[in-house]
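Got your viewer open? Let's walk through this one stop by stop, selecting as we go.

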Amino acid sequence: MVAHIGLGFLVFVFLVSVYGIIASIVGLRKQAFAWVESARLAMLLTFPLITVVVASLLILLLTNRYEYSFVYGVTSRSMPLYLKITALWGGQAGSLIFWSWLLAAFTTAVTLRKWDRDREFLPWVILTGLVTLTFFLSLSIFFENPFNRFWGTPTGEVEALFQPAGSIPLIPQDGRGLNPLLRHPGMIIHPPMLYLGFVSFVVPFAFAIAALVTGRTDDRWIRITRRWTLVAWLFLTMGLVLGARWAYDVLGWGGYWGWDPVEIAAFMPWLTGTAFLHSVMIQEKRGMFKRWNMILIIVTYALVIFGTFLTRSGVLSSVHAFAQSAIGPMFFVFIGITFIVSLSLLLYRWADLSDEGVLYSLLSRESLFLLNNLLFMGILIVCFSGVIFPLVSELLTGQKVTVGPPFYERATGPLFAGLLLLMGIAPLSAWGHSTVKTLGKALWKPALVSVLAFPLVIWLGVRNGWAILAFWLVAFTSSVTLYEYGRAVIARAKRTGETLWVSLWRLAQKNRRRYGGYTIHLGIVLMALGVVGIEMFQTETQATLRSGESIQLAGYTVTFRQLDEFNLPDGRNVARATMDVYRGNRYLGELHPRRDYYWDANQPMTIPGTRSTMEDDLYVLLVDWQPISSQGATFKVFHNPLVNWMWFGALVLILGTLIAAWPDRDPEPRRVAVPSTISVPERVF
Amino acid sequence: MRRAHLWIFLGLVILAVFAQVGYAQTPVPTPSDDEVNRIAKQLYCPVCENVPLDVCPTQACNEWRELIRQKLIEGLTEEQIKEYFVLHYGDRVLAEPPRRGLNWVVYILPVVVFLIAVIVTVRVLRSMRKPVSASIVSSSSAEIDEEELKRIEEALKQERE
């Protein structure tokens with residue numbers, strides 16, 4: 001019954017979406033407001049309708065209805081309640097429904113805004129949102145239906161929506177259970193954040209398309225979607241960071257980012273999205289780079305769909321899995337069509353999107369922003385080639401290849417360093433013109449402070465030239481950012497007589513975007529500190545220990561005390577070691593690395609025992625190298641310097657984004673008009 | 001007959017003892033886990049998706065790591081062991097595509113595309129700059145030409161809006 005309701009509503013919402021598409025097209029053709037309003041109502045209806053579908057799927061998951069193949073594939077009786085809920089996005093069919101649900105939530109929310117000034121955008125925004133939604137719903141209905149059941153036929157077991165002739169329903173007693181990798185509290189929040197980041201980029205894209213079609217190519221679409229884009233970016237960033245944290249906590253390889261194609265699939269829209277966030281500012285302030293902004297948002301949308309395609313179609317495991325999966329080719333066609341249509345629209349409006357402003361100096365903020373975009377595109381090019389190449393190679397030569405961390409690190413390292421440097425310089429450059437002189441004047445004090453980083457890190461024992469350079473970049477960018485902050489706060493406090501804290505608060509409030517942006521930069525710099533620490537200074541060792549024996553690494557001594565093995569009611573066999581940690585002679589406490597074996601999935605998981613400080617992490621793994629026994633076990637110990645700064649930096653970054661995106665009553669930011677006679681820019685290029 | 005047996009037995013014992021001594025004379029210490037890991041880190045599990053061999057938890061990978069240890073005992077160098085794996089399991093065990101044939105594409109293409117992007121950016125920046133710099137160069141600081149005046153007026157108009 002529940003499944004029937006779910007299926008019924010799934011079909012219903014699909015029909016409503018199709019109707020909405022038709023209604024908005026009719027409304028556009030006839031210029032009839034009633035039709036557009038009808039389309040809007042259809043759009044509004046999609047969210048509650050999909051909510052019913054999601055609710056019925058959840059009921060099936062929670063009530064152990066293993067006759068449904070999706071429920072069977074992702075849950076089992078022994079799983080705790082929260083995991084049964086998160087199982088909704090733990091498998092293909094459910095995650096597609098979840099995607100549609102979030103998309104409907106966002107498009108519905110944007111439909112509810114006041115449209116007075118932007119009537120002409122409305123039908124196009126609805127159309128873009130609904131076309132995307134309809135595509136995902138059609139995948140759910142025709143290819144990956146979560147309500148498929150098991151049937152026993154004379155020739156064997158089949159999965160189908162309706163009972164095949166001469167078959168009997170099959171009801172398995174227990175499910176296969178969720179993939180052990182996904183049985184982690186991170187599962188509650190990481191995938192939803194990533195999906196939210198993905199779907200919310202549909203909103204700025206929809207407005208971009210609306211602007212292109214209607215010919216209202218001023219920056220109105222950017223102003224409307226500014227906050228949406230920031231929110232999308234925040235979700236995507238959090239999704240990526242949480243994924244990194246999850247990998248660090250669960251995957252048991254001592255790292256947080258392995259340049260895996262699945263990670264890169266989510267990272268690519270982040271790259272273009274971040275570039276977009278920066279370059280729209282140039283359009284708002286100076287009326288420049290309009291075409292480029294359109295290209296960026298179109299590519300971001302394409303990469304969002306492409307990322308979903310990469311992770312959902314099975315193409316990454318093998319090109320041939322792609323051919324076998326029904327949804328792979330569908331995705332391919334959809335990406336192709338939307339991309340070509342958007343680009344055609346862009347070409348159609350190419351002349352209307354000419355720049356209003358002119359460039360006065362190659363050191364102006366707008367040209368530095370463009371340089372930032374260039375670096376982001378460079379990283380994107382590397383990532384895209386690295387993800388695509390194994391597929392191309394397999395397709396053309398049949399030879400599978402791996403494109404792993406060395407490739408990406410070598411290629412993107414200098415680009416990331418360039419971005420870090422720009423992050424220090426660009427905020428101090430002026431719109432319009434900056435000269436070497438003005439920029440130098442603004443920069444020299446914080447730059448001088450940052451030079452102190454050299455003796456400091458050398459004194460701390462760092463000898464690697466690249467690492468010294470990286471630390472200097474971190475010091476430079478953070479001192480510039482703090483200097484900018486400090487100068488403004490002190491100036492304000494002097495002027496108004498407020499205390500420094502009040503000044504800081506009011507300042508951030510008055511220009512949220514600017515100071516939110518600085519805070520985000522500070523967060524990124526702190527994260528960079530963590531990345532440099534773990535990438536350049538990670539050490540590891542491994543040994544088989546008997547009770548009482550120790551491993552030494554980076555000044556730490558880790559002594560194996562005992563191993564306990566026990567079964568847990570949730571279907572796990574746990575082998576849990578107790579280790580004593582010393583630094584020098586000082587006792588620091590116990591660590592408990594463990595190995596969880598999931599009977600239902602037949603799969604082991606290694607969960608590290610971690611001692612984490614701002615200085616370094618000691619990360620101990622119980623390795624499944626040798627048969628584990630109480631007499632002895634194999635341990636791997638990682639020393640990860642500074643890695644905690646990454647998570648701390650991520651928190652600062654989230655705070656900064658919230659500052660920047662917080663609704664304010666300020667009027668729209670005004671264009672900066674640059675009277676070009678005030679100073680004659682020097683030729684600096 | 002019995003004596004013959006005794007001789008054979010003694011011979012075997014002596015052989016065994018000598019073999020032991022011989023073995024001890026050229027000791028091949030078992031490579032440590034760290035030595036194995038250093039190589040395994042650079043290789044990928046031949047059957048899993050994108051899992052480095054040093055951290056792969058499967059039984060098969062366990063055996064592959066033992067194979068590395070075995071090869072080290074046999075005296076193979078790091079490069080030879082990597083070659084051995086490539087020969088048996090294909091290029092996918094390497095962390096990067098080997099630089100030959102079609103694989104060059106992945107090394108060259110990104111660089112070429114990025115250079116094109118750089119050139120396009122520079123050209124765009126230059127083209128956006130030309131009219132201004134020309135006018136700036138032509139106008140002295142004391143007098144303002146018409147084009148300049150028009151731009152200031154526009155700017156002021158925008159400001160008023």
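Here is a short tour of chain A, followed by a visit to chain B. Keep in mind that this is a predicted model.

**Stop 1: the two domains of chain A**

Color residues 1-178 of chain A as domain 1 and residues 538-644 as domain 2, following the domain assignment. How many Å separate the centres of these two domains? Taken over C-alpha atoms, the separation is 43 Å. Domain 1 and domain 2 of chain A do touch: six residues of domain 1 are in contact with six residues of domain 2. On the domain 1 side, the touching residues split into three polar, two nonpolar and one charged.

**Stop 2: a 32-residue helix**

Next, select residues 465-496 of chain A, which make up helix 18. Draw a distance from its first C-alpha to its last and you should get 46 Å, close to the 46 Å expected for its 32 residues at 1.5 Å a residue. Now step just past the end of helix 18 to A:Gly497, where phi is positive, at about 80°.

**Stop 3: strand 12 and its neighbors**

Jump to residues 616-623 of chain A, which form strand 12. Is this strand enclosed or open? Eight of its eight residues are buried, so strand 12 is largely enclosed by the rest of the structure.

Show the side chains and look at each face in turn. One side carries A:Asp616, A:Leu618, A:Val620 and A:Leu622. The other has A:Asp617, A:Tyr619, A:Leu621 and A:Val623, and both faces are covered.

Now add the strands that pair with strand 12:

- Strand 11 (residues 609-612) of chain A pairs with strand 12 in the antiparallel sense, over four bridges. To line them up, find A:Thr610 and look opposite, where you'll see A:Tyr619. Follow the backbone from strand 11 to strand 12 and you pass through a hairpin of three residues.
- Strand 13 (residues 632-641) of chain A also runs antiparallel to strand 12, joined by eight bridges. For a landmark, pick A:Leu621 and find A:Lys636, its bridge partner in strand 13.

**Stop 4: over to chain B**

Finally, hide chain A and bring up chain B. What secondary structure does chain B have? Switch to cartoon view and you'll find six helices and zero strands, running α-α-α-α-α-α from the N terminus on. If you color chain B by burial, 22% of its 161 residues come out as buried. Turn on contacts too: among those in chain B with a separation of 6 or more, 40% link residues 24 or more positions apart.

Terms used: Residues numbered from 1 in each chain as written. Chains lettered and ligands numbered in written order. Predicted model: local features only at pLDDT ≥ 70, side-chain atom pairs only at ≥ 80, totals over all residues. Helix = DSSP H or I, 4+ residues; strand = E, 2+ residues; numbered from the N terminus. Buried ≥ 20, exposed ≤ 12 C-beta atoms within 10 Å, placed from the backbone. Contact = placed C-beta atoms within 7 Å. Pairing = 2+ DSSP bridges. Expected span 1.5 Å × (residues − 1). Domains from an automatic or database assignment. Nonpolar A, V, L, I, M, F, W, Y, C, P; charged D, E, K, R; others polar.
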